[in-house]
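Subject: Structure for you to look at

Hi,

Here is the structure I said I would pass on. Please open it alongside this email, and my notes follow below.

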Amino acid sequence: GESGSGKTTFGLSAIRAVIHGEDFAGRKTKKRKAVVLDCEQGASTIIRLAKRLGIHDSDNIRFWFQGSDINPDCKHDALVRYVESQNPKPIILIDCLVGFMDGSENNSNDVRKFVNYGKILASKGACVIIIHHVGGNTDKDYRGSTDIKGAFDLGYRVFGKEDDESG
């Protein structure tokens, strides 16, 4: 979706459903821990949105913010090790693709490297949600390399309301 359309709120709503074992978007979930990796909104916005959605600090969710000392670098194994240590495996929200990938979203090789990282996490049992944006031409479902669309199992396009204050 476009900036301000509620992509982060949608993603956090999915996280809330999973950490409570509730259905989401007509789909069953299994209760599990969650990790929210934020490189888009900032800690104060994420915490505010999480509280508004009924997500509170607990052992069931970890927030990792860009620039914090616990922010995993996607080039390292910190997140992979965390996923391996958890049972059941966590759900991971990455906000957003361009903030966590090395290189350009327009370069298919760079996109494939990032997607392969997500596939490693998934192969370890994690569910990975990646927030991404539409292009300047909002008729497109996403911006960047065509490898983005082919890499994902499921996608949602988020349309916000003009009076919505979601992130």
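Let me begin just past the end of α1: the helix is followed by Gly-21, which has a positive phi near 70 degrees. Before I go further, please keep in mind that this is a predicted model.

The helix itself, α1, has 14 residues and reaches 20 Å from first C-alpha to last, close to the 20 Å expected at 1.5 Å a residue. Is α1 enclosed or open? Since 10 of its 14 residues are buried, α1 is largely enclosed by the rest of the structure. Among the buried ones are Leu-12, Ile-15, Val-18 and Ile-19, and so are Lys-7, Thr-8 and Thr-9. As for what they sit against, the buried residues of α1 pack against β1, α2 (43-52), β2 (61-65), β3 and β4.

A little further along, in the loop between α1 and β1, you will find Ala-25. Ala-25 is not a glycine, yet its phi is positive, about 50 degrees. Ala-25 is partly exposed, with a relative accessible area of 46%.

One loop residue that ties back to α1 is Ile-55, placed between α2 and β2. Ile-55 counts as buried because its relative accessibility is 2%, and the cut-off for buried is under 20%. Ile-55 lies 40 residues from Ile-15 in sequence, but their C-alphas are 8.7 Å apart in space. If you leave aside neighbours within four places in sequence, Ile-55 is in contact with Leu-12, Arg-16, Ile-19, Ala-50, Ile-61 and Phe-63.

Now to β3, which I would look at next. Strand β3 covers residues 91-95, and 5 of its 5 residues are buried. Ile-91, Leu-93 and Asp-95 point one way from the strand while Ile-92 and Ile-94 point the other way. Which strands does β3 pair with? One is β1 (residues 34-38), parallel to β3 over 5 bridges, where Asp-38 stands opposite Asp-95. Another is β4 (residues 127-131), also running parallel to β3 and joined to it by 5 bridges; here Cys-127 is the bridge partner of Ile-91.

Please check the loops on either side of β3 as well. In the loop between α3 (78-85) and β3 sits Pro-88, and the peptide bond joining Asn-87 to Pro-88 is cis, with omega about 5 degrees. In the loop between β3 and α4 (97-100) is Cys-96, and the peptide bond from Asp-95 to Cys-96 is cis too, with omega near 10 degrees.

Last, the cores. The largest nonpolar core has 22 residues, of which Val-35, Leu-37, Leu-79, Ile-92 and Leu-121 touch the most other members. At least two residues of this core come from each of β1, α3, β3, α4, α5 (108-123) and α6 (147-151), and α5 gives the most, with 5 residues. There is also a second, separate core of 17 residues, including Leu-12, Val-18, Val-36 and Phe-63. In soluble globular proteins, nonpolar side chains tend to be buried together. Two members of that second core will be familiar from above: Leu-12 and Phe-63 are in contact with Ile-55.

Send me your thoughts once you have been through it.

Best wishes

Conventions. Residues are numbered from 1 along each chain as its sequence is written. This is a predicted model: local features need pLDDT of at least 70, side-chain atom pairs count only at pLDDT 80 or more; totals for chains, interfaces and linings use all residues. Side-chain values use heavy atoms; hydrogens and water are left out. Buried means under 20% relative accessible area, exposed over 50%, partly exposed in between (1.4 Å probe, protein chains only). Helices (H or I, at least four residues) and strands (E, at least two) are DSSP runs, numbered from the N terminus. Two strands pair if DSSP finds at least two bridges between them. The expected span of a helix is 1.5 Å times one less than its number of residues. Contact means heavy atoms within 4.5 Å. A nonpolar core is a set of buried Ala, Val, Leu, Ile, Met, Phe, Trp, Tyr and Cys residues joined through side-chain atoms within 4.5 Å.
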